[in-house]
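Open the model in your viewer and keep the selection panel at hand. The stops below go from the interior to the surface.

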Amino acid sequence: MSSRGVDREPCPYRIVDDAGNAFLFGFVGGSIWHFFGGIRNAPSGKKLELAWSRVTTRAPILGGSFAVWGTLFSACDCTLTHFRKKEDPWNAILAGGLTGGILAARAGPKAAVKNAVIGSVILALIEGISIGVQRVLLPMYEKQAVQQGLEIDMLDPPYDPFARRSNAAYVPKPLYNSGSFSSSSLGSVSSVGGGGGSGSGFELSSVSSFDTTGDDW
């Protein structure tokens, strides 16, 4: 849940996504744990029955606890993303600390601070391992892709055809002369097509001199 991968849902939809993933992780892991625990501790002849009973009664509770943690963590992560205007490992580390502190707030300030520190340390370890694995594995995958002649996706942002380009040098030219544009000059507009368009009226040459080669067209 703390991965900065590109496949994550955007906020706030990732809150629901992380809650479902956390519940599934806790439920499946708890089912396996309690099933084998029931078999190990149950008397002979009732191992499967007691193991199934432990799974049905305890696995959903563990899944719900994981879902609460995942929901709160994702909500803190999205809140930090909104205020910091960026997504980086610091959001996950701070969100882990906030989640641990909030969940332990009922036990008092000391317990809240202790769990906040533990949560931040755990998420820092997870993020550090994730970054380290990516730095080791990604060059290997890119090298294999180059050897196989595959195109490497550098995750460039999508092209926005409506965005203005920073190198655009388009400056629209005025349709009338720099003189005062008064009511008397409006009469010369009708003379544009007649060949007499002198003075402060519109000029046909300036209309046809628009630069249509810029990036904005």
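A nonpolar core is a set of buried Ala, Val, Leu, Ile, Met, Phe, Trp, Tyr and Cys residues joined through side-chain atoms within 4.5 Å. Buried means under 20% relative accessible area, exposed means over 50%, and partly exposed lies in between (1.4 Å probe, protein chains only). This is a predicted model, in which local features need pLDDT of at least 70 and side-chain atom pairs count only at pLDDT 80 or more, while totals for chains, interfaces and linings use all residues. Residues are numbered from 1 along each chain as its sequence is written, and side-chain values use heavy atoms, with hydrogens and water left out.

**Stop 1: the core**

Select Phe73, Cys76, Leu80, Ala92, Ala95 and Leu123; these six residues are the largest nonpolar core. Helices α2 and α3 are the elements that give two or more residues to this core. The largest share, three residues, comes from α2. Helices here are DSSP runs (H or I, at least four residues), and strands would be E runs of at least two, numbered from the N terminus.

**Stop 2: along α2**

Now select residues 47–84, which make up the 38 residues of helix α2. From first C-alpha to last, α2 reaches 53 Å, close to the 56 Å expected at 1.5 Å a residue. That expected span is 1.5 Å times one less than the number of residues.

Where in α2 does the kink lie? Center on Arg58: the kink there is about 30°, and the proline Pro60 follows shortly after. The bend at a residue is the angle between axes fitted to the seven residues ending there and the seven starting there. Then move to Lys85, just after α2, which takes a positive phi of about 60°.

**Stop 3: salt bridges**

Side chains of opposite charge can pair when their charged atoms come close. A salt bridge is a side-chain nitrogen of Lys or Arg within 4 Å of a carboxyl oxygen of Asp or Glu. How many does a search of the whole structure find? There are three salt bridges.

Select Arg14 and Asp77, whose side chains meet at 3.5 Å, N to O. Arg14 lies in helix α1 and Asp77 in helix α2, so this pair ties together parts that are 63 residues apart in sequence. Both residues are buried, Arg14 with a relative accessible area of 3%.

Add Glu87, which forms a salt bridge with Arg14 at 3.1 Å, N to O. Because Glu87 lies in the loop between α2 and α3 (89–103) and Arg14 in α1, the pair ties together parts 73 residues apart in sequence. Glu87 is partly exposed, at 44% relative accessible area.

The remaining stop in this group is Arg84 with Asp88, at 2.7 Å, N to O. Arg84 counts as partly exposed at 28% relative accessibility, whereas Asp88 is buried at 14%. Salt bridges that share partners join Arg14, Asp77 and Glu87 into one network.

**Stop 4: Pro10**

Pro10 sits in the segment before α1 (13–41) and is partly exposed, with a relative accessible area of 46%. Draw a distance from its C-alpha to that of Cys78: the two are 68 residues apart along the chain and separated by 8.7 Å.

**Stop 5: a surface patch**

Finish with Ile129, Val133, Val136, Leu137, Leu138, Met140 and Tyr141, a nonpolar patch on the surface with about 660 Å² of accessible area together. Patches are made of residues with over 30% relative accessible area and no salt bridge; like charges are joined within 9 Å, and nonpolar side chains (Val, Leu, Ile, Met, Phe, Trp, Tyr) within 5 Å. Accessible areas come from the Shrake-Rupley method with a 1.4 Å probe; for residues, only the protein chains shown count as cover. Within the patch, Tyr141 belongs to helix α4 (residues 109–147) and counts as exposed, at 51% relative accessibility.
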